[in-house]
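I opened the model to look up its sheets, its salt bridges and its surface. My notes are below, in the order I made them.

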Amino acid sequence: MKEKWQRQLQNSKRIVVKVGTSTITHPSGKLNLERIATLVREIVAAAKGREVLLVTSGAIGIGSARLGLTHKPTTIPAKQAAAAVGQGLLMQIYEKFFTEQGKIVAQILLTRADLGDRQRYLNAKNALDTLFSYEVIPIVNENDTVAVDEIKIGDNDTLAANITALIGADLLVILSDVEGLYTADPRLDPAAKKIDVIEEITPEIEQLAGQAGSTFGTGGMQTKLAAARIATKSGAAMAIVHGGREGNLAKVLSGQCPGTIFLPQEPLAGRKMWLAFNPPVCGKVIVDEGAEDALRERGKSLLPSGIVGCEGEFSAGDLVSICGSAGREFARGLVNYDASELKKIKGLKSNQIEAVLGYRGYDEAIHRDNLVLL
């Protein structure tokens, strides 16, 4: 098993590197220019024979420091203002250091809406593929100045994982202020041990995630586990390593394990991958055990007869979460009827739909082609 994941790391040809705010700034929030210069050299070295994309945090933190704030803003307008100030400063520094290393960079600002719309999602993929063909290093960040929801989440770990799936990367490396995932919080428990390799993200692994986040950053281990779930489901490996340790990126690419490595899973097909993690979830559909078994084990569509309830206000064509009787989500899909219609036809056979609604647009509540198991 060890040799297999080592080869996976060594043979990675397209990689995503995500750098957290704490990695490129001082505790005050000001840019750590020396660390950024080192990071740029490491990325340029990694790009020899590979395609590399950089996802960077830091715009709000850097903007906050430039505005003289001692803590990250708490209101949406203040965050947007800080992002507007910080984004230009951040890109200016990256441009300078990459140019000194002979590399061209491109700035890409995305929102959840860009990734949630299928056509815009594909447009982004095509643009990034073209940049790679020109040997350009794309630098991606959330468009925090306009994306209210993204500022509330503030989660570039998930953005990096979605980009990993978008471009079909082999590896996602998250450079953080932690060494990896531990059996307990190492700041509180001296007996805590780092987990080197995780083959599958189980509920037990999820329980190990804490709430840690730095003063100017917004991510914690929970967001990193969520990112690992997305990245590994796309067929990529993911590594969490300390961004302040020079050489850690090179170690990962040489097959070493300076942090925690998450092994790739059987990848979802492209459209199913997009469905699973990109469009916003607008509601919930609850199904009985028979329907859950039909979806999980037999690849069937979801019929109204298997639905026992639904929550939220959604329209036909929206993405909904599909939950079993215990309330745990196990699938997502694009629904053929709106919430009010589903409440009327839940539990009914397909040939009874017209008598209740006055028409029968579809036999299925969710067709299997528009449904993905998580």
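The entries go through the two sheets, then the side chains.

**Entry 1: the model.** I noted at the start that this is a predicted model.

**Entry 2: the eight-stranded sheet.** I traced an open sheet of eight strands and wrote down the order β3-β4-β2-β1-β5-β7-β8-β6. The pairing in this sheet is mixed. I then looked for the edges and found β3, residues 105-110, and β6, residues 197-198. Each of these edge strands pairs on one side only.

**Entry 3: a pair inside that sheet.** I picked β5 (residues 171-176) and β7 (residues 237-242) and asked in which sense they pair. They pair in the parallel sense, over six bridges. To fix the register, I looked up V173 and found that its bridge partner in β7 is A239.

**Entry 4: helices across the sheet.** I checked which strands helix α7 (residues 118-133) lies across. They are β1 (14-19), β2 (51-56), β3 and β4 (137-142). The helix runs at about 125° to β2. I did the same for helix α11, residues 221-233, which lies across β5, β7 and β8 (260-262). Its angle to β7 is about 155°.

**Entry 5: the five-stranded sheet.** I found another open sheet, this one of five strands in the order β10-β9-β11-β12-β13. Here too I wrote down mixed pairing. The edge strands are β10 and β13 (371-373), and each pairs on one side only. From one strand to the next, the twist averages 25°. I looked at β12 (residues 329-334) beside β13: the two run antiparallel and are joined by three bridges. G333 has L371 as its bridge partner in β13.

**Entry 6: salt bridges.** How many salt bridges does a search of the whole structure find? The search gives 16. I went through some of them.

- K125 and D129 meet through their side chains at 3.2 Å, N to O. They are four residues apart in helix α7, so about one helical turn separates them. K125 counts as partly exposed because its relative accessibility is 27%, and D129 is partly exposed at 24%. I also noted a network of salt bridges that links R14, E51, K125 and D129.
- E311 forms a salt bridge with K284, with the closest N and O atoms 3.9 Å apart. This pair links distant parts of the chain: E311 is in β10 (residues 307-311) and K284 is in β9 (residues 281-287), 27 residues apart. E311 has 41% relative accessibility, so I logged it as partly exposed. K284 is also partly exposed, with a relative accessible area of 27%.
- R360 and D363 form a salt bridge whose closest N and O atoms are 3.1 Å apart. R360 is partly exposed at 40%, and D363 counts as partly exposed at 36%.

**Entry 7: a nonpolar patch.** I asked which residues form a nonpolar patch on the surface. They are L67, L69 and V85, with about 220 Å² of accessible area together. I looked up where L67 is found: in the loop between α4 (59-66) and α5 (76-100). Is L67 buried, partly exposed or exposed? Its relative accessibility is 45%, and exposed would need over 50%, so L67 counts as partly exposed.

Terms used: Residues are numbered from 1 along each chain as its sequence is written. This is a predicted model: local features need pLDDT of at least 70, side-chain atom pairs count only at pLDDT 80 or more; totals for chains, interfaces and linings use all residues. Side-chain values use heavy atoms; hydrogens and water are left out. Two strands pair if DSSP finds at least two bridges between them. Contact means heavy atoms within 4.5 Å. Axes are lines fitted to C-alpha atoms, for helices over the stretch in contact, and angles run from 0 to 180 degrees between N-to-C directions. Patches are made of residues with over 30% relative accessible area and no salt bridge: like charges are joined within 9 Å, nonpolar side chains (Val, Leu, Ile, Met, Phe, Trp, Tyr) within 5 Å. Accessible areas come from the Shrake-Rupley method with a 1.4 Å probe; for residues, only the protein chains shown count as cover. A salt bridge is a side-chain nitrogen of Lys or Arg within 4 Å of a carboxyl oxygen of Asp or Glu. Buried means under 20% relative accessible area, exposed over 50%, partly exposed in between (1.4 Å probe, protein chains only).
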